[in-house]
Amino acid sequence: MHFKFKLGYIINMNWLSISLISVAMFSLVTIIDKRLIVTHFPSASSFNASVGIWNLISGLIVLVFVLPIYGVPSIQAVLISLFAGVLWAGGLSLFFYSLRFEEVSRATSLWMTAPIFSSWVAVSFFGEKLNTMQWFAIASVVIGALMMSFKPVKDGGVKFDRKALLVLSLASFVTGLAFVINKEATNLTDVWTTHGVRNISMGLGLFAFSYKKGVISDALGALKNFRAMMLFGFAELLLASIAAFLVVVALNMGPASLVATVSSTRPLLVLILGVSMSTKYFNVLGETIDRDSLLVKFAATLIIVTGVSILALA
């Protein structure tokens with residue numbers, strides 16, 4: 001089998017296997033992030049600052065290695081990559097904030113509706129066209145997102161969570177815009193340089209958006225706890241870095257639309273993990289797992305995943 005990416009020979013896997021491993025890793029990262037934000041960090045801001053500092057460091061490390069190989073990119077490429085990073089920082093900040101008050105399975109499903117906003121931006125400003133099936137997919141994603149915002153209550157009724165829908169819709173919109181701008185950046189320079197520059201501005205953005213008096217001491221205080229430090233290191237420094245690298249490998253080995261489709265299954269895996277970690281025998285997340293809630297969650301998640309998949313493939 002011919003692989004476009006040289007490391008494909010070393011990894012000796014096809015793009016589908018690599019994409020699935022990346023999805024599994026990112027799903028586990030999301031679960032651990034929820035645990036860290038709720039249990040170990042005093043605020044979402046302190047967690048954002050910690051993630052921001054790591055992204056800044058990792059971006060600098062990437063550029064140290066790639067600039068001698070690919071050379072210095074154009075000013076336009078740098079500016080667009082920096083803008084993409086700021087947008088990513090905004091989307092992640094809102095998502096991390098939502099994890100303070102929303103279940104991780106619901107938050108992930110709503111956040112992963114970003115492709116519909118990417119499509120809207122691409123159609124409105126970059127002249128792309130959508131066919132009938134893609135518009136149908138967008139409608140189904142919107143329906144799934146609305147379903148996920150209705151929560152069954154004890155008296156048998158339902159509650160519409162406006163706050164979660166507003167925050168996560170905004171996070172999804174900003175993330176969707178980040179996807180489009182990131183794509184424009186890769187059209188101007190290589191993927192690795194874009195990744196390095198974007199991580200630097202994303203790190204600075206995460207830190208800036210979350211900065212307030214005492215945020216650094218709060219972050220350092222949280223990471224002094226051995227368990228918190230180990231979880232953060234495992235999730236953000238190890239798993240997230242490997243998963244992001246595997247996405248690059250998969251995109252170089254397989255069709256971008258199919259890689260994106262596989263990536264869109266993350267909410268379903270997060271839901272399964274969230275439910276399995278919220279049972280009476282092993283409850284570390286506190287997800288609502290009564291019959292009505294699970295029915296709504298699984299139905300809405302499947303609708304969203306199916307819609308995003310059709311949007312990528314149609």
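In which helix is alanine 137 found? The residue sits in helix H7, which covers residues 132-148. The model in which it appears is a predicted one. Alanine 137 has a relative accessible area of 0% and is therefore buried, the cut-off being under 20%. Its contacts, once neighbours within four places in sequence are left aside, are Gly307, Ile310 and Leu311. A distance can be given for another pair: alanine 137 and valine 305 are 168 residues apart along the chain, and their C-alpha atoms are separated by 9.8 Å.

The chain as a whole comes next. It has 314 residues, of which 49% count as buried. Its secondary structure consists of 14 helices and two strands. If contacts between residues at least 6 apart in sequence are taken, 84% of them join residues at least 24 apart. The pair of alanine 137 and Gly307 is one example of a contact between residues from separate parts of the sequence.

The nonpolar residues can be followed from here. In soluble globular proteins, nonpolar side chains tend to be buried together. The largest nonpolar core in this model has 42 residues, and the members that touch the most others are Ile31, Leu36, Phe47, Phe95, Phe96, Leu99 and Trp111. The element that gives the most to this core is helix H8, residues 162-186, with eight residues. There is also a second, separate core of 10 residues, which includes Val29, Ala243, Val249 and Ala250.

Phenylalanine 96 leads from the largest core to its surroundings. Not counting residues up to four places away in sequence, phenylalanine 96 touches Asp33, Ile37, Ala44, Phe47, Asn48 and Val51. One of these partners, asparagine 48, is found in helix H3, residues 44-70. With 5% relative accessibility, asparagine 48 falls under the 20% limit and so counts as buried. Beyond its neighbours within four places in sequence, asparagine 48 is in contact with Ser93, Phe96, Leu206 and Ser210.

Helix H9 spans residues 191-210 and contains glycine 205. Phenylalanine 209 is found in H9 as well. Are these two residues buried or partly exposed? Glycine 205 counts as buried, at 8% relative accessibility, whereas phenylalanine 209 is partly exposed, with a relative accessible area of 47%. Glycine 205 is 116 residues from alanine 89 in sequence, yet the C-alpha to C-alpha distance is 5.3 Å. For phenylalanine 209 and glycine 90, the separation is 119 residues in sequence and 7.4 Å in space, again C-alpha to C-alpha. Phenylalanine 209 touches Val86, Ala89, Gly90 and Ser93, with residues up to four places away in sequence not counted. Ser93 has already appeared as a contact of asparagine 48.

Helix H8 also holds phenylalanine 173. At 28% relative accessibility this residue counts as partly exposed. Phenylalanine 173 touches Phe117 and Trp120, residues up to four places away in sequence not counted. Its C-alpha atom is 7.8 Å from that of glycine 91, and the two residues are 82 apart in sequence.

The packing of helices remains. Two packed helices are described by the angle between their axes and the distance between the axes. For helix H5, residues 104-111, and H8, the axes come within 8 Å and cross at roughly 45°. That angle makes H5 oblique to H8, and H5 passes H8 in a right-handed crossing. On the H5 side the contact is made by Ala107, Leu110 and Trp111, and on the H8 side by Ala164, Leu165, Leu168, Ala171, Ser172 and Thr175. By class, these residues are seven nonpolar and two polar, with no charged residue. Trp111 is also named among the core members that touch the most others.

A second pair consists of helix H2, residues 15-40, and helix H13, residues 266-276, whose axes come within 9 Å and cross at roughly 50°. H2 and H13 are therefore oblique to each other, and the crossing is right-handed. H2 contributes Val23, Ala24, Phe26, Ser27, Leu28, Thr30 and Ile31, while H13 contributes Arg266, Leu269, Val270, Leu273 and Gly274. These residues divide into eight nonpolar, three polar and one charged. Ile31, like Trp111, is named among the members of the largest core that touch the most others.

Notes
Residues are numbered from 1 along each chain as its sequence is written. This is a predicted model: local features need pLDDT of at least 70, side-chain atom pairs count only at pLDDT 80 or more; totals for chains, interfaces and linings use all residues. Side-chain values use heavy atoms; hydrogens and water are left out. A nonpolar core is a set of buried Ala, Val, Leu, Ile, Met, Phe, Trp, Tyr and Cys residues joined through side-chain atoms within 4.5 Å. Buried means under 20% relative accessible area, exposed over 50%, partly exposed in between (1.4 Å probe, protein chains only). Helices (H or I, at least four residues) and strands (E, at least two) are DSSP runs, numbered from the N terminus. Contact means heavy atoms within 4.5 Å. Axes are lines fitted to C-alpha atoms, for helices over the stretch in contact, and angles run from 0 to 180 degrees between N-to-C directions. Angles under 35 degrees count as roughly parallel, over 145 as roughly antiparallel, 65 to 115 as roughly perpendicular and the rest as oblique. A crossing is left-handed if the near helix is turned anticlockwise from the far one by less than a right angle, and right-handed if clockwise. Ala, Val, Leu, Ile, Met, Phe, Trp, Tyr, Cys and Pro count as nonpolar, Asp, Glu, Lys and Arg as charged, and the others, Gly among them, as polar.
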